[in-house]
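Reader: I should be grateful for a close look at a single helix and its surroundings. Please explain the terms as they arise.

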Amino acid sequence: MLSKIAFSASPTIAEFMRSAAFGRVLAGPVGSGKTTGCIYELLRRCIEQEKGADGFRYTRWAIVRQTLKQLVDTVLKDIEDKLHAVMRYKVQDKTVVVEFGDVRSEWLLLPLEDAEDQRRLLSMQLTGAWMSEGIEMDVNLVSGISARCGRYPSGDRGTPTWFGVICDTNMPSEGSEWHKFMTDALPKDWEIFIQPGGLEEHAENLQWLTQTAETIKLPEDDPKRIAQGRLYYERATRTNNADWVKRYVHAQFGNDPSGTAVFRESFKSDFHVREGLMPHNFGPLLLGQDFGRDPCSLLCQVDSRGRLLVLEEIVVSDIGLEQHLRKNVKPLLMGERYFGIPLVVIGDPSGTSKSTIYEESTFDVLKKEGFTAVPAPTNDLEPRIRAVESLLLKQIDGGGMILFDKQRCPLTIRAMAGDYRYAKTRMGIRKPLPDKNDASHIMDALQYVCLVSSNRMNEQLGRFLRQGRDRSSRPRVTAAGWT
């Protein structure tokens with residue numbers, strides 16, 4: 001009976017199915033075969049499950065979506081269409097039973113319409129779960145669902161050969177919780193698979209979309225059949241707004257509906273974010289410093305190719321600058337990664353003003369702690385943002401002129417990707433200044449560094465270092481000098 005079921009996966013879905021990661025997200029445009037891929041992935045895992053003591057392969061899967069109607073009208077119908085030869089649906093239990101040969105599997109349809117539904121889900125013993133149309137659900141459910149996986153089978157029925165969570169989805173909006181999850185907060189045992197957009201050269205599943213009686217008879221790779229399928233997306237671009245098309249046709253993160261990300265058009269995570277950036281010994285570290293009770297610091301360095309490397313963020317809250325320097329900054333600089341490298345602090349120019357109580361400026365505090373510290377050239381927002389944009393838009397040898405360390409700068413990357421944004425008024429008009437929030441502090445620190453590194457770089461850096469020495473009676477201190 002199983003021989004009657006055949007499935008040929010598209011390239012992205014094949015890669016998705018080959019992965020053994022605990023969690024996997026399959027994202028792409030509408031109509032790209034994501035649901036079908038997930039159905040066959042569950043079936044494949046049922047078949048690969050090791051046998052229990054009685055010779056049967058037991059698995060139990062939860063299929064989760066926002067409403068039962070969505071589950072029945074879409075997911076269930078697709079399961080019945082693909083697997084009708086080996087499944088039956090128990091209406092009262094809302095359960096698909098898959099049985100053939102030695103396979104014994106339960107696929108439970110679980111909506112999330114009320115609190116009782118969620119309690120039921122989070123009390124189950126499952127092999128794994130499939131989150132259908134993930135962005136329609138609260139991303140915080142991922143943790144709870146994950147905790148229920150790997151609990152079935154047990155005892156005489158064996159142990160799960162593979163367990164975990166799969167999720168299919170269209171692309172979320174920038175700044176949304178799902179956007180953050182997919183770009184910056186992805187757990188180590190999760191992977192993301194994004195299909196090409198529907199109008200791209202290698203778009204997937206075109207051979208099955210909007211086919212006519214004539215084109216469906218052609219070979220799957222026939223140009224006429226592919227062109228017929230592409231009409232599906234061409235029509236969609238004519239009948240929907242640009243934001244919808246970006247997410248559901250081009251398979252890209254959509255514009256943030258709650259405001260406009262400051263660097264939306266210039267920051268590209270796949271181009272500007274790198275793993276394992278390393279400091280070097282032939283140039284100084286640049287420490288961008290934002291002051292106040294949340295004195296965020298950002299360690300950067302210009303490399304031999306002129307690129308600005310954003311190496312590490314030091315994010316704190318509700319602490320004075322002096323304590324921050326002693327408890328957070330100095331210990332980091334004394335570690336093996338940065339030990340002995342000269343450093344200059346570039347801070348908010350307002351820090352040059354002396355306190356009315358202590359007759360001491362913020363820069364006096366920095367110098368007292370042994371740092372060469374100079375104010376950024378300006379505190380005006382427009383040139384600060386322009387300095388960052390200038391680096392984002394430049395390339396060198398096919399790579400970015402500014403690079404962010406993926407592991408050591410998570411808040412900075414989230415800010416660049418959308419957390420740092422212009423808010424909107426109640427009338428929907430964009431405000432002229434970015435919101436003051438957690439993201440704005442680290443962005444201020446980045447902007448101070450970019451003001452220096454993007455403007456006649458070598459000359460500017462040399463001048464700032466000379467200014468730092470001239471303004472302090474102490475010799476310039478490196479991390480190696482602290483005891």
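Author: In helix H3, the residues Leu-71, Val-75, Leu-76, Ile-79 and Leu-83 are buried, where buried means under 20% relative accessible area, exposed over 50% and partly exposed in between, with a 1.4 Å probe and protein chains only. An α-helix has 3.6 residues a turn, so residues three or four places apart point the same way. This is a predicted model, in which local features need pLDDT of at least 70, side-chain atom pairs count only at pLDDT 80 or more, and totals for chains, interfaces and linings use all residues. Residues are numbered from 1 along each chain as its sequence is written, and side-chain values use heavy atoms, with hydrogens and water left out.

The cover over the buried residues of H3 includes helix H2 (34-48), E2, E3, E4, E5 and E6; contact means heavy atoms within 4.5 Å. Helices (H or I, at least four residues) and strands (E, at least two) are DSSP runs, numbered from the N terminus. H3 spans residues 68-83 and lies across strands E2, E3, E4, E5 and E6, running at about 140° to E2. For such angles, axes are lines fitted to C-alpha atoms, for helices over the stretch in contact, and the values run from 0 to 180 degrees between N-to-C directions. H3 also has a kink of about 30°, centred on Leu-76; the bend at a residue is the angle between axes fitted to the seven residues ending there and the seven starting there.

The strands beneath this topic belong to an open, mixed sheet of eight, ordered E3-E4-E5-E2-E6-E7-E1-E8, and two strands pair if DSSP finds at least two bridges between them. Strands E3 and E8 stand at the edges with a single partner strand each, so one side of each lacks a neighbour in the sheet. E4 and E5 run antiparallel and are joined by six bridges.
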